[in-house]
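User: Please go through the terms used to describe this model and justify each one.

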Amino acid sequence: MNSIQCIDCGTPYPDSGVPYCCIRCGGLFDYGDGISYNPTEFDQNRKGIWKFGTDLGIGTIEEVVTLGEGNTPLLETLVDGKEICIKCEYANPTGSFKDRGMAALVTVLRNRNVKTAVEDSSGNAGASFAAYAAKSGIAARIYIPESASGPKRRQIEAYGAEIIPIGGPRVNAALAAMNAVRTGANYASHAYQPFNLLGYATCAYELVGQLGRAPGAVILPAGQGGLLLGMAKGFQAMLNSGAIHAMPRVVAVQPETCAPLVSLMNGEPFIGDCQTMAEGVRISQPLRGAEIVKQVLDSKGCIKVVSEAGITKGRHELAKLGFYVEPTSALVWDAAMQIINELPEPIVLILTGSGYKTRD
Ligand SMILES: [Zn+2]
């Protein structure tokens, strides 16, 4: 079992309840000592992410909540003579990588006897939470901006989650969720809760298994950076156990208009209007921004930015290879083309979300 502590005061995560932040000081919870990678506990008879340990390192659980997440395809292709591998995370049950994290989080909720929980996302996280909540019999209430429409909202509604539309900017939906939490609601936040990171770590384990070696570099979009942080923890755990011998370089990609990680790295205030078609990474203040920058630098990776034209071109180029993704996922293509000659092979692009989810 991996231990969770507050990153500010060290208070451990309690044995009951599902607080989203430290009950003593309000700090973020994280696996500060890293997570463990134990191949002796792997079970090839189990499906998807759950073959990497019966409890994924969550602790004692009696019942796993799963929709068959994980075990996504890895396709290899040559671009300008370079070996590029495409990890199709959009092939997860609700059409995005978020399912790995939500399977872990909702498993925790279920095993801690949570009956209702709230979230604030009109995007992939909201859709994923709604699906896993439906599967587990947890009543989901999701705060979304009044203006949110399109396939993701319809997907959330289809799973039967209660939708609460909130007027004004995106942040108002988060504030409304927070108000509900203050009056006793459980907050199934994909950004605050640490459990999702264990699910994302399985993407690293699976990737190394499929490649038969460690990637040279991994390129992925970063908003709140959960996938990046979870995969970095996974690679670090494999490195510690001797399963791989070097950390892959981690390349985080953000849109030009919404690149707070670049500002953080340069020690500058973030200025940007976050008007981008890459709605999945429209995050101006990533909660774990400092940790993302640290992981990128420790891995000798970098942060790349991509223009809106680059996103459109990336979507087109990927589609021509047979990969239909949403704009957020397409960020990785342009970034890869910018630095393809600087990265060690194999270079892995993570395609995070399905093209079917794209708003008209
Ligand atoms: Zn604390």
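Analyst: The following exchange sets computed values against the definitions behind them. This is a predicted model, in which local features need pLDDT of at least 70, side-chain atom pairs count only at pLDDT 80 or more, and totals for chains, interfaces and linings use all residues. Residues are numbered from 1 along each chain as its sequence is written, and side-chain values use heavy atoms, with hydrogens and water left out.

User: What makes the arrangement around the zinc ion tetrahedral?

Analyst: The zinc ion is coordinated at 2.3 Å by the SG atoms of Cys 6, Cys 9, Cys 22 and Cys 25. Donors are N, O and S atoms within 2.8 Å of the metal (3.2 Å for Na, K and Ca); water is not among the atoms, so sites may look incomplete. Four donors count as tetrahedral if all angles lie between 85 and 135 degrees. The four donor atoms here subtend angles of 100 to 116°, and the arrangement is therefore tetrahedral. For comparison, ideal angles for four tetrahedral donors are 109.5 degrees. Along the chain, the donors follow the spacing C-x2-C-x12-C-x2-C.

User: Why is Cys 6 called buried, and why does Cys 9 count as partly exposed?

Analyst: Buried means under 20% relative accessible area, exposed over 50%, and partly exposed in between (1.4 Å probe, protein chains only). Cys 6 has 4% relative accessibility and therefore counts as buried. Cys 9, at 35%, counts as partly exposed.

User: How do you know that Ser 3 makes a polar contact with Gln 5?

Analyst: A polar contact is a pair of N or O atoms within 3.5 Å; within protein, one must be able to donate a hydrogen and the other to accept it, and residues adjacent in sequence count only if both atoms are side-chain atoms. The side chains of Ser 3 and Gln 5 make such a contact at 2.7 Å. Ser 3 itself, at 34% relative accessibility, counts as partly exposed.

User: What is notable about the backbone at Asp 80 and Cys 274, and is each residue buried or exposed?

Analyst: Most residues other than glycine have a negative phi. Asp 80 has a positive phi of about 50° although it is not a glycine, and Cys 274 has a positive phi of about 55°. Asp 80 is exposed because its relative accessible area is 68%, whereas Cys 274 is buried because its value is 9%.

User: Which peptide bond is cis?

Analyst: The bond from Glu 345 to Pro 346 is cis, with omega near -10°.

Note on methods. Four donors count as tetrahedral if all angles lie between 85 and 135 degrees; four count as square planar and six as octahedral if opposite donors are over 155 degrees apart and all others between 65 and 115; anything else is irregular.
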